[in-house]
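Please open the model in your viewer and keep the selection panel at hand, since this tour moves from one selection to the next.

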Amino acid sequence: VNNYLHRINANQHLNAFVEVFVDEAIQKAQLIDKKIKNGTAGKLAGMVIGIKDNICYKNHKVSASSKILEGFTSIYSSTVVERLLAEDAIIIGRLNCDEFAMGGSNETSYYGPVLNAADTTKVSGGSSGGSAVAVQADLCLAALGTDTGGSVRQPAAFCGVVGLKPTYGRVSRHGIIAFASSFDQVGPITKSIEDAALLLEVIAGKDEYDGTATSIPVPNYSNELNFNGKARIAYLDETLNSEGLDPEIRALMQQNIDLLRADGHTVEEAHFPLLDYVVPTYYILTTAEASSNLARYDGVHYGYRSPQAIDLESTYKKSRTEGFGLEVKRRIMLGTFVLSAGYYDAYYAKAQRVRRMIMDNLNEILSKYDFILLPNAPTTAWNLGEKLKDPVVMYLEDIFTVQASLSGLPAISVPVGQHSNNLPIGLQLIGKKFDEAGLLSFSKILL
Ligand code: GLN
């Protein structure tokens with residue numbers, strides 16, 4: 001803990017942490033030290049973990065990196081935090097993220113951007129940018145992020161670490177500040193596959209507080225990390241030959257395909273003709289859900305209330321106008337629009353149907369193959385500020401991560417190489433529903 005506290009202090013310019021629980025972490029370490037000596041310590045004893053600032057931890061502040069939740073303190077812990085603590089993890093602080101997890105560069109945070117430790121002129125990726133950089137820069141051993149459309153995988157890829165988005169329903173969302181409830185999942189960001197497996201087996205499983213958290217038993221992922229046998233892997237012609245894909249990332253994909261074949265695995269081309277529809281479908285559905293989820297921030301129930309408010313209507317209007325950032329407002333308006341009478345069928349209902357087609361397409365591929373191999377993002381981390389002016393340019397960066405989210409499938413980003421610009425490159429594997437064990441063990445072959 002002292003080592004990490006020292007490193008956090010020395011790396012404040014990265015802006016990864018929003019708050020560090022200094023005294024608590026030191027006390028906890030002493031307590032756990034005793035437990036280790038008594039032989040009563042849990043399986044995460046000694047693991048120093050940071051949590052994204054949209055994960056509730058009782059009696060600690062949580063803000064989703066938004067002004068509207070400034071000063072808000074959690075009155076209960078999320079299920080994932082309860083489970084970490086029950087296994088003696090030490091939670092060292094909360095980590096910067098895009099406001100309400102909306103973004104792909106950590107630049108929409110009320111607390112300012114997180115810098116990529118590989119090159120501080122570049123973005124960290126997002127929305128779990130603080131989580132990825134904290135692990136990348138050894139400010140904690142592991143972190144939890146949340147992934148709605150790539151927010152664990154993409155920053156992990158940009159920072160050269162491992163990021164896993166579990167199957168929808170594998171991990172409880174109780175106590176996670178909701179963005180788009182039919183997409184959100186908590187996932188680990190780690191240096192190794194072993195740590196990701198260990199964290200997942202602790203946080204996963206049914207939960208009486210989240211009806212979407214499945215009762216399917218949780219395997220001992222960390223005991224199942226030896227992938228035996230030969231896998232069948234599909235790569236998608238449309239992603240490999242996508243126009244915007246950086247040539248070095250394409251070359252790395254090709255190289256990995258060749259290596260896997262040389263290893264005796266079957267790697268074949270498959271087709272995903274719906275690629276052009278994934279980003280619009282994702283943004284229609286997630287903004288619709290967000291507009292509803294964020295209606296609760298009314299200046300009355302939680303956090304910020306405008307000092308200018310004089311009656312009920314101005315409390316709502318002014319608190320929301322002053323409390324939400326630009327990107328969050330854009331999404332609330334877009335979501336309200338696609339849900340409004342007269343447009344609902346044209347946008348929301350149609351997007352739901354396309355979501356089903358995307359799911360069917362991927363599940364059809366996964367009925368013939370164990371995994372789908374694809375890039376994580378079309379590029380490596382970009383310059384701070386570079387894509388802020390045009391939201392559509394930013395949204396298009398999500399083209400390779402949102403299909404797993406739309407389909408509820410598990411997916412992992414594995415750091416496999418470095419670009420000639422010295423930035424990390426991550427490749428992505430999508431697995432069958434609830435086959436996190438396969439995904440984790442096979443990823444070790446790529447690493
Ligand atoms: N970049 C995507 C978005 O802005 C993903 C965000 C996320 O997964 N939370 O919505």
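Begin by selecting G303 in this predicted model and, leaving aside its neighbours within four places in sequence, add the residues in contact with it, which are I68, L69, E70, G71, F72 and Y297. G303 itself sits in the loop between α9 (275-293) and α10, and because 20 other C-beta atoms lie within 10 Å, the residue is buried. If you then draw a distance from the C-alpha atom of G303 to that of D88, which is 215 residues apart from it along the chain, the separation is 30 Å.

From that loop, move on to α10 by selecting residues 312-323, a helix of 12 residues that reaches 16 Å from its first C-alpha to its last, close to the 16 Å expected at 1.5 Å a residue. Colour S319, R320 and G323, the residues of α10 that are buried. Turn the view to look down the helix axis, and these buried residues of α10 fall within an arc of 95°, so they line one face of the helix.

Next, select I49, I92 and C140, which have the most contacts inside the largest nonpolar core, a set of 132 residues. The helix that gives the most to this core is α6 (residues 193-203), with 8 residues. Before turning to that helix, stay with C140 and show what it touches: not counting residues up to four places away in sequence, C140 has Y4, V48, I49, G50, I92, A134 and V135 around it as contacts.

Now select α6, where 10 of the 11 residues are buried, so the helix is largely enclosed by the rest of the structure. Its buried residues include the charged-group carriers D195 and E201 as well as L198, L199 and L200. To see what packs against the buried residues of α6, add α3 (79-86), β4 (142-147), β5 (162-165), β6 (185-190) and α15 (436-446). Just after α6, pick out G205, whose phi is positive, at about 120°.

The last stop is the ligand, so which residues come nearest to it? Of the 13 residues around the ligand, these are A101, G104, T148, G149 and S151. Colouring the shell around the ligand by residue class divides it into 3 nonpolar, 8 polar and 2 charged residues.

Definitions and conventions: Residues numbered from 1 in each chain as written. Predicted model: local features only at pLDDT ≥ 70, side-chain atom pairs only at ≥ 80, totals over all residues. Helix = DSSP H or I, 4+ residues; strand = E, 2+ residues; numbered from the N terminus. Expected span 1.5 Å × (residues − 1). Buried ≥ 20, exposed ≤ 12 C-beta atoms within 10 Å, placed from the backbone. Arc of directions from axis to C-beta. Core = buried A, V, L, I, M, F, W, Y, C linked by C-beta atoms within 7 Å. Contact = placed C-beta atoms within 7 Å. Near = placed C-beta within 6 Å. Nonpolar A, V, L, I, M, F, W, Y, C, P; charged D, E, K, R; others polar.
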